[in-house]
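Take a look at the model below. This report starts with one residue and then turns to the whole chain and its aromatic rings.

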Amino acid sequence: MSKADAFTQAGKTAVLQNIHGTMAFLQKFPPFNQMESAHLAYLVENCQLRFYAAGETIIKPDDGPVEQFFIVKQGRVHGERPHSARKGTETTFEITTGECFPLAALIGERATRTEHLAGEDTFCLLLNKPAFIKLFALSNPLRDFALRGVSSLLDQVNQQVQMRAVETLGAQYSLDTRLGELAMRTPISCAPAMPLRDAVKLMHEQQVGSIVIIDPAHKPLGIFTLRDLRRVVADGSMLEQPIASLMTPEPFYLPPDASAFDAAMAMTERHIAHVCLVQHEQLCGVISERDLFSLQRVDLVHLARTIRHAGRVETLAALRSDVCQLVDNMLAHGASSTQITQLITLLNDHTVCRVIELTLEDMGDPGAPFTWLVFGSEGRSEQTLHTDQDNGILFEAADAAEAAEIRGRLLPLAHEINLRLAQCGFTLCKGNIMAGNPELCLSRQEWRTRFDSFVQAATPENLLASSIYFDLRSVWGDPQGCEQLRQGLLKQVASNSLFQRMMAENALRQRPPVGLFRDFVVARKGAEKDTLDLKVQGLTPFVDGARLLALVHGVSTCNTLERLRALIDQGVIEAQDGAAYEEAYHYIQQARMQQHQLQARNNQPYSNRVDPDNLNHLDRRILRESFRQAQRLQSSLAVRYQL
């Protein structure tokens, strides 16, 4: 027997002598904790245990097609590649206890592209390729993980969250229920020529709150609701008029496979109570606000309407607790971080608009039209419950003198709006990035001049300002001026390579908290000892990287995930990389929101800092992988801009 064969036999014997212990070890880690016992036993029975000394190569590209599946039993494995921008190598990932490799190479029947080195004295379980192929065919959890990686782990996290929610709040609440499942009855419709009297009679007989006007091919042309009927009666319209002359044309619609959440968001944003379901351009259903409420799906629409019709600021302030409760319920039931931030941003927008309207009623019209701008996370539609004010005012003026005169009229109003928003839970900005600041109550030309100065003089202060002000959108007032400002900004950035490079350097400033010799890099002293910041160290690298690439390539949207998707569509980011960035961003945002939820429940102040030692194996693993994706995005920026 050769020396290598002797080592192999010894390693296999070591595993067989402790099958139950090895199975118990694997059952602590995904995907093995999801596998059937018989399949896991097969894995263990066909494994061997091998030791690698610190610094020893485990596999490398020159070894040819991978023939083994590795599971780290103890120790740590580093992946290293030649650095693409400078001499030497760079660590591209780190694999720790309970994790496995190299799945992509093994499934693709190719060599690994990365050299795998033992970061310290390490023991690995090795499964030969024929046994892995058999197990891959037998075990759905292993196959799912091998093909989807972190995506399958995120599914496990969401399933755990939903199981906990069922225990506390019941199983009837589902944000992801398909609209086709909720629309149980045939939609009530009519031709455009039907008289109003007959249409109303049909609605009454069928006990529905709407009727859809369709053409001969069943394509929706318009919708008429009980709300429209009240308006028609008030106007004294004749009941013999054709319904087509009174309907709301081009009704909003969704496909049947859209979710209850999609319908609720549409109703909230568009101030409508009915959503048509259309498939292949044909009407196939109608979902009403009542359908959502009767099935206890969401109370978002009702809450938004209450906010929009609040008669006093004190009422708006009291409704913040309802917003927190709604977010709490949605988060508990497994709503995605994107759904939650959309919801919070939408309700915040409604609150801001109502505060502005109430303030105008109390203080009077200033005599100058204006647009209320929001920046930062609010501008990106990525707000959580832990938020402060970042806002400004834009108005039109012919020259500097007129701008100064209009500003004098708007500032008292802006200052009062800021104070009232603070009363509603929107903390006053410590940096005074608020519309009541004269430097942020500007004409469109003044805003344009200020943005141009940011780009032309890339000082640290201007780079910091650009990371706030360049994520902007309008919430109240005419949006045209804001859009013109955005388009001018895109042209300025696209033509200034020096500013792009400075932005890239700024995007590398916040490094993800993962190190070479331990899972996470945490604060070592003070009140933040042993913690890391999910927002600054985890989300900011994605936000800054996506902003830079979006501005450079003319992407006008401000939302981080929408920017990433647009960059994928343009070929700026590879689809596989973009999907990994999106999942990582989702997970970090989700972890942040769950922490805020727990803090609110315990009457603690909101904080973005977390102690990774308090996380379970699954959350800890996904968080580390998510930070690694942030590192990969930063590395790609360093290569693009030769930093």
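## Around T351

In this predicted model, T351 touches I307, L316, R320, C424 and F426. That list leaves out residues up to four places away in sequence. T351 itself has its place in helix α15, which covers residues 337-363.

Is T351 buried or exposed? Its relative accessibility is 2%. Buried means under 20%, so T351 counts as buried.

## The whole protein

The protein has 643 residues, and 51% of them count as buried. It contains 25 helices and 21 strands.

How much area does the protein expose? The figure is about 29600 Å². Carbon and sulfur atoms supply 51% of that area.

Now consider contacts with a separation of 6 or more in sequence. Of these, 71% are between residues 24 or more positions apart.

## Aromatic pairs

How many aromatic pairs does the count give? It comes to 18. One of them joins F454 and Y469, and this pair is stacked. The ring centres are 5.9 Å apart, with 15° between the planes. F454 belongs to helix α18 (residues 444-456). Y469 belongs to helix α19 (residues 460-469). The two residues are 15 residues apart, and the pair links distant parts of the chain. Both F454 and Y469 are buried.

F520 and F627 form another aromatic pair, and this one is edge-to-face. Here the centres are 6.0 Å apart, and the angle between the planes is 85°. Planes over 60 degrees apart count as edge-to-face, so the 85° between these two fits that label. Where do the partners lie? F520 is in the loop between α21 (497-507) and β20 (532-533), while F627 is in helix α25 (residues 617-640). The pair therefore ties together parts that are 107 residues apart in sequence. F520 is buried, and F627 is buried too.

## A cluster and a charge

F454 and Y469 also belong to an aromatic cluster. Its other members are F375, W447, F451, F470 and F499.

Which ring has the charged end of K73 over it? It is the ring of F25. The charged end of K73 sits 4.7 Å from the centre of that ring.

Definitions and conventions:
Residues are numbered from 1 along each chain as its sequence is written. This is a predicted model: local features need pLDDT of at least 70, side-chain atom pairs count only at pLDDT 80 or more; totals for chains, interfaces and linings use all residues. Side-chain values use heavy atoms; hydrogens and water are left out. Helices (H or I, at least four residues) and strands (E, at least two) are DSSP runs, numbered from the N terminus. Buried means under 20% relative accessible area, exposed over 50%, partly exposed in between (1.4 Å probe, protein chains only). Contact means heavy atoms within 4.5 Å. Accessible areas come from the Shrake-Rupley method with a 1.4 Å probe; for residues, only the protein chains shown count as cover. Rings of Phe, Tyr and Trp (its six-membered ring) pair if their centres lie within 6.5 Å; planes under 30 degrees apart count as stacked, over 60 as edge-to-face and the rest as tilted. A charge sits over a ring if NZ of Lys or CZ of Arg is within 6 Å of the ring centre and within 35 degrees of the ring normal.
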